[in-house]
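Please open the model in your viewer, with the backbone drawn as a cartoon and the side chains ready to be switched on by selection. The tour below moves from one selection to the next and says what is to be found at each stop.

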Amino acid sequence: MAKTLLLLSVTALLLPACQAGEKPGNNVSEGNTAAAVNTGGDEQAIRGQVDRWLQLVKAKDAAGIAALYAEDGAVMPPNAPIGKGRTAIQQTWASMMQTPGFDLTFVPEQIIVSSSGDMALDRGTYKLAVAPNGTAMTDTGKYVVVWRKIDGEWKAAADIFNSDLPASGG
């Protein structure tokens, strides 16, 4: 069961960083699109990264998934240590995806791009299927990914997820 919880989807911890900070002399309202960042374009770029991530999960390409993260990114699966940096992220994903019957899908429900256009919050849900002992099991849960724009490309900076199932005790 602990391995099942480990297999749950994608996300993050830096929610306050995605909120626009007040800067002296900066009175740009959220509705002032003339002075604002192109958040619609950034949201579409992040959705493109999510689509790529789903393709890589289907292909069980842990190295490709790790490349979607920032160099100093982190994955924070439930009931397991944090994976910091791409090597640890790749190992975490490889371990999850080698579970028999592994199938994962996730859907962003909300993507919020900061007014500065360099960070974003992606909050959504996932569905996971595994069959670790030959018995099919499914799980649903939620995730948060904090994205950072690095050299014009959106990279996952922090990724955390957890199950909707009750804790199994332990």
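Before the first selection, one cut-off is needed: a residue is called buried under 20% relative accessible area, exposed over 50%, and partly exposed in between. Keep in mind throughout that this is a predicted model.

**The sheet**

Begin by selecting the strands, six of which form an open sheet in the order S2-S1-S6-S5-S4-S3, with mixed pairing. At its edges you will find strand S2 (83-84) and strand S3 (103-113), each of which pairs on one side only. Now turn to the helices: helix H3, residues 39-58, packs on the sheet and touches S1, S3, strand S4 (119-130), strand S5 (137-150) and strand S6 (153-163), while its direction makes about 170 degrees with that of S3. Helix H5, residues 85-97, also packs on the sheet, where it touches S1, S2, S3 and S6, and its direction makes about 40 degrees with that of S1.

**From S1 to S6**

Select strand S1 (residues 69-76) together with S2; the two run antiparallel and are joined by two bridges, and alanine 74 stands opposite lysine 84 in S2. Next add S6, which runs parallel to S1 and is joined to it by four bridges; here methionine 76 is found opposite isoleucine 160 of S6. If you colour S6 by accessibility, the strand appears mostly covered, since eight of its eleven residues are buried.

**The hairpin of S5 and S6**

Keep S6 and add S5: these strands run antiparallel and ten bridges join them, among them the one that pairs isoleucine 150 with glutamate 153 in S6. The hairpin has two residues between its strands, and aspartate 151 takes a positive phi near 50 degrees there. Now show the side chain of glutamate 153, which forms a salt bridge with lysine 155, the closest N and O atoms lying 3.8 Å apart. Glutamate 153 has a relative accessible area of 38% and is therefore partly exposed, whereas lysine 155, at 13% relative accessibility, counts as buried.

**Further salt bridges**

The whole structure contains seven salt bridges, and two others are worth selecting. In one of them aspartate 42 meets lysine 149, with the closest N and O atoms 2.8 Å apart; aspartate 42 belongs to helix H3 and lysine 149 to strand S5, so that the pair links distant parts of the chain, 107 residues apart. Which of these partners is buried and which is partly exposed? Aspartate 42 is buried, because its relative accessibility is 7%, while lysine 149 is partly exposed, because its relative accessible area is 31%.

Move on to glutamate 109 and arginine 123, whose side chains meet in a salt bridge of 3.5 Å, N to O. Glutamate 109 lies in strand S3 and arginine 123 in strand S4, so this pair ties together parts that are 14 residues apart in sequence.

**Aspartate 122**

For the last stop, select aspartate 122, which has its place in strand S4. Aspartate 122 is buried yet has no salt bridge, and the nearest side chain of opposite charge, that of arginine 47, is 7.0 Å away. What joins the side chains of aspartate 122 and tryptophan 147? You will find a polar contact of 3.3 Å between these two side chains. Leaving aside neighbours within four places in sequence, the residues in contact with aspartate 122 include Val50, Pro108, Gln110, Tyr143 and Val145.

How values were computed
Residues numbered from 1 in each chain as written. Predicted model: local features only at pLDDT ≥ 70, side-chain atom pairs only at ≥ 80, totals over all residues. Heavy atoms only, no water. Pairing = 2+ DSSP bridges. Contact = heavy atoms within 4.5 Å. Axes fitted to C-alpha atoms, helices over the stretch in contact; angles between N-to-C directions. Buried < 20%, exposed > 50% of the residue type's maximum accessible area, 1.4 Å probe, protein only. Lys, Arg positive; Asp, Glu negative; His and termini not counted. Salt bridge = Lys/Arg side-chain N within 4 Å of Asp/Glu carboxyl O. Polar contact = N/O pair within 3.5 Å; in protein donor to acceptor, adjacent residues only side chain to side chain.
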